[in-house]
Structures are given as C-alpha cells and as structure tokens.
Amino acid sequence: MTFQAPKGTFDWLPPRSERALAVREAMSAPARLAGYGYIETPTFEDTALFARGVGESTDIVSKEMYTFEDKGGRSITLRPEGTAPVVRAVLQHGLHNGRLPVKLWYSGNNFRYERAQKGRYRHFSQVGVEALGAEDPALDAEVILLAVDGYAALGLTGVRLLLNTLGCKECRPAYRAALQGFLRGLDLDDATRQRAELNPLRVLDDKRPEVQAQLAGAPLVTDHLCGACKAYHEEVRALLTAAGVSHTDDPRLVRGLDYYTRTTFEFVHGGLGSQSAVGGGGRYDGLSEMIGGPALPGVGWAIGVDRTVLAMEAEGLFGEEEPPGPVQVYGVPLGEDARRRLFLLLTELRRAGVAADMAFGGRGLKGALKGADRSGASYAVILGERDLAEGSAQVKDLASGEQIAVPLAEIVTTLKERLTT
Ligand code: HAM
C-alpha cells in the first residue's frame, strides 16, 4: 500500500517549491527593513487560547480546529492562525514592558479543517507581521504598506486592497444592536438566526445568494462610528493615499476572526476563483485582554503563501519555463579513483561558493552526461582514470559543448572565474 498526503494538504516539490520560498522572502523583507524581529511560536497551543482569542462563535473555533487531548490530559489545538500565539508570547515574556511598539514577523504553517478546494487547504502557510503597544494610525498604515511593498516586489499587479473599520468598544455595541434589529426582521434559517444573536457581523459575510439578497439594506458600520473612530480611519486612509496606495472602501468587509477593532483590511486577487483573499488583517485592541493580559493594542496581517503563489501563477509571473536547476557545476566521474577525487573537488567547489552536484550510483559516461544536462548546470567536470593520471580534468561548457583540459589544482579558480564573467 502507498500513502497519499491527507485530504486538503499537498506537497511543495522542487522546482515549484522555490516559488513558496520566494514569497516568504519577499513578503518578510519589507518588515525586516521596518524593524520587525522574527518570532517563532509552537505549532500547537492550549485550545483555550484560540477559543478566547479568535472567538467561540467563529467558524475557525466552532468547526475548523484540529483539537486533541494529549497524553497528559491537556486540550491542545494545532494553530489555526498566528496572531493569538504571538500576543500570548509577547505577554508571557513581557516584551510589552520594553520599547514600544513591539514589532514582530513570522512565517509558519496553520491548520484549519475547511472544505478543501483550490486555494483553500487544511494545512497552509502564512507570513505575518504584528505590531503591539501603540494605537497610532501611522502604524496601521505602516503594516498595510509592508504588505503592499511585498506584493509589488513579487511583481504582482492584480492585488487590490479592501479597507474597512469595525469601530471600537465605544461605538460597536450600538452598531451591533442596530444590525441585530435589522437581521431579526429577515427570513433566515435557524442556524443563521442563532449566528445573528451571537455574532451578527458574521452574517454580513454569508455568501449564499438568498441571504445576500436580503442584506442590501443592512445598516453599515461606517454610519455608526464614534468621532474618535471616524477620525482614526480618515487618518489611516489619508496616510495610505499620501503613500500612493490605492484602496477600495468596503463597509461590508467582515473578517472571520472576532478580535478585530477599527482598521480591517483584505488583499484580494481576481485570479484565484472563489478564494480571492491573498492576505488580511487589522487592528485588535482588545485581544490581549480577551486572553487575560493587560490593555495592549495591536495591528497586523497574515498573507497566505499558497494563495500568493497561485496569484503569481495566474499572472504568468513565472513564465512557461520552470526555474533553472539549482547547480552550476556537475561532476562526472569515470571509475572508482576518479569518483573519490571528484568527491573532494566538489566539496572544494561548494566551500568556494559554487553550487555543485555529481553523478551518483556508478552511471556510465552517457547516463552521467544526461544527468549533467538535466541538472541545469553550466559546466560539467569529467574525470576519467587517464585524466587523473595526468593530474587534470575535462571542463565541458554544457551550452556550447566546448571542452578543455584543466589541471586539477586550477579547477576551482577556473570555474569560479568562468561562472562570474
Ligand atoms: P485570515 O484572513 O484568517 O487572517 O488568514 C490570512 C490569509 O491566510 C488569508 O487571506 C489567506 O490568504 C490565507 N488562508 C487562510 N485560510 C487558508 C486556507 N484554508 N488555505 C489557504 N490559505 C488560507 C488571519 O489568520 C489573521 N491572523 C491575520 C492577522 C494578523 N490579523 C491581524 N494580524
């Protein structure tokens, strides 16, 4: 019997896996330039951290968590998202007692038991940033810009920024009540009615056409903001506009996690079918208190690595060609003594910074040269018993076919020179 990767998961294989690495690199580079430090939290946490932080009534907590009891009787959950764990770590280590804001970025796997489809997986990867300890519209604008610059560095042109505000603990209750009043008057099924009582904002996100049709006249959060939230949001928008970031106001944008206050946003892309969000985030000023900490405002985002690669592929950013092979030089040994010598030569080349591989498994000249061609290398170093006796090797330019004998002692310098010109 052979095994398959579990439903809703897939393997990143070379050469396509290079694309995932490129996304992680490009999306984290702007954050590093802005003073964000790298944080790594465990892949699993106490279940209660997510239940309280993300919210009992969210789909993530009520339906999608991978939760189990460990052998010590603890309820453990595989991380469905990275924000609650980062806030937990900040509080645990007292990072908020130092210089503020605490700026962190992360990259890692997440687990959600979702209905699997293209762009929606049960195991997926995010890069994220979180900035804690400051309530400042410039910080909201900064984090948004970090993502905008990351997407731009990847060459993506089809990413749109949807922007909203969800108000604060002063103005949200009145909006919530107004929305609830409106929802009670609609023709909704029992489950949706129940959701309207628990978490009415989530109903706005219901994708079913029969629900959407009834929501046309729903009260909008933007009409219920307090003066402070209105001013805050205007400042975020003004800073983004000044920085040349175009955005679409979307007063119906609701995020799938309960911790958001004020600024919320999503990055969407048209090339992904129904899973259009390539990233999302916002401000979460109450999250620390929700998980038992002091008041500690925060703002951040996470981008989906898998979906960002799909968006880049939809834009044709990788072209028809697969990325080139990872090695520059390929060794072809003919005979046992030659193999031992070439093995050492390859080690020398790698230590000198040249990417090198060789034919393993005692293949003949023809098979080994085929391996050289497939490797994508620019040069093959062919070493036979006679070359060895003469203290030299054949260096073959795999593009032109030109082949010259080079003394063994000069191979590294010769190849380094040729590869850099
Ligand atoms: P989220 O919107 O749940 O936010 O996820 C962020 C991104 O992760 C999504 O936009 C999407 O690209 C990707 N993603 C989510 N679920 C899946 C899935 N099942 N398969 C593939 N990709 C997926 C958060 O996770 C928040 N922690 C973001 C945040 C950080 N807010 C403040 N700070």
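**Close-up views of a predicted model**

**View 1. Helix α12 is mostly covered, with 8 of its 10 residues buried.** The model is predicted. The buried residues of α12 are V305, D306, R307, T308, V309, L310, A311 and M312. They pack against helices and strands alike: α1, α5, β6, β9, β10 (277-283) and β11 (298-304). After α12 comes G316, which has a positive phi, near 70°.

**View 2. D306 is a buried acidic residue with no salt bridge.** D306 belongs to helix α12, which spans residues 305-314. Which side chain of opposite charge is nearest to D306? It is R24, at 6.5 Å. A salt bridge needs a nitrogen-to-oxygen approach within 4 Å. With neighbours up to four places away in sequence set aside, D306 contacts F10, W12, Y121, F124 and S125.

**View 3. E313 and R16 form a salt bridge.** The closest N and O atoms of this pair are 2.8 Å apart. The bridge ties together distant parts of the chain, 297 residues apart. E313 sits in helix α12, while R16 sits in the segment before α1 (17-33). E313 is at 25% relative accessibility and so counts as partly exposed. R16 is also partly exposed, because its relative accessible area is 27%. The model holds 21 salt bridges in total.

**View 4. D206 pairs with R208, and a separate network joins R16, R19 and E313.** The side chains of D206 and R208 meet in a salt bridge of 2.8 Å, N to O. Is D206 buried or exposed? D206 is buried, because its relative accessible area is 8%. R208 has a relative accessible area of 32%, so R208 is partly exposed. Elsewhere, salt bridges with shared partners connect R16, R19 and E313 into one network.

**View 5. E135 and R262 meet in a salt bridge.** The N to O distance is 3.3 Å. This pair, too, links distant parts of the chain, with the two positions 127 residues apart in sequence. E135 lies in the loop between β6 (123-132) and α5 (137-153), and R262 lies in strand β9 (residues 261-269). E135 counts as partly exposed because its relative accessibility is 47%. R262 is at 9%, so R262 counts as buried.

**View 6. R262 has a positive phi without being a glycine.** The angle is about 50°. R262 is part of strand β9. At 9% relative accessibility, this residue is buried. The side chain of R262 is the one that reaches E135 in the salt bridge of the previous view.

**View 7. D136 lies in the loop between β6 and α5.** Its relative accessibility is 35%, so D136 counts as partly exposed. Which residues does D136 touch, not counting those up to four places away in sequence? They are Y232 and R283. P297 is 161 residues from D136 in sequence. In space, the two C-alpha atoms are 9.5 Å apart.

**View 8. E114 is a buried residue in the loop between β5 (102-111) and β6.** E114 counts as buried because its relative accessible area is 16%. Leaving aside neighbours within four places in sequence, E114 is in contact with E64, R120, Y121 and R122. Y121 is also among the contacts of D306.

**View 9. Cis peptide bonds precede P15 and P101.** The bond from P14 to P15 is cis, with omega near 5°. P15 belongs to the segment before α1. L100 and P101 are also joined by a cis peptide bond, and here omega is about -5°. P101 lies in the loop between α4 (83-92) and β5.

**View 10. R363, K366, K370 and R374 form a positive surface patch.** R374 lies in helix α14, which covers residues 365-375. Why does R374 count as exposed? Its relative accessibility is 68%, and exposed means over 50%.

Key. Residues are numbered from 1 along each chain as its sequence is written. This is a predicted model: local features need pLDDT of at least 70, side-chain atom pairs count only at pLDDT 80 or more; totals for chains, interfaces and linings use all residues. Side-chain values use heavy atoms; hydrogens and water are left out. Patches are made of residues with over 30% relative accessible area and no salt bridge: like charges are joined within 9 Å, nonpolar side chains (Val, Leu, Ile, Met, Phe, Trp, Tyr) within 5 Å. Accessible areas come from the Shrake-Rupley method with a 1.4 Å probe; for residues, only the protein chains shown count as cover. Lys and Arg count as positive and Asp and Glu as negative; His and the chain ends are not counted. The place of a charge is taken as NZ of Lys, CZ of Arg, CG of Asp or CD of Glu. Helices (H or I, at least four residues) and strands (E, at least two) are DSSP runs, numbered from the N terminus. Buried means under 20% relative accessible area, exposed over 50%, partly exposed in between (1.4 Å probe, protein chains only). Contact means heavy atoms within 4.5 Å.
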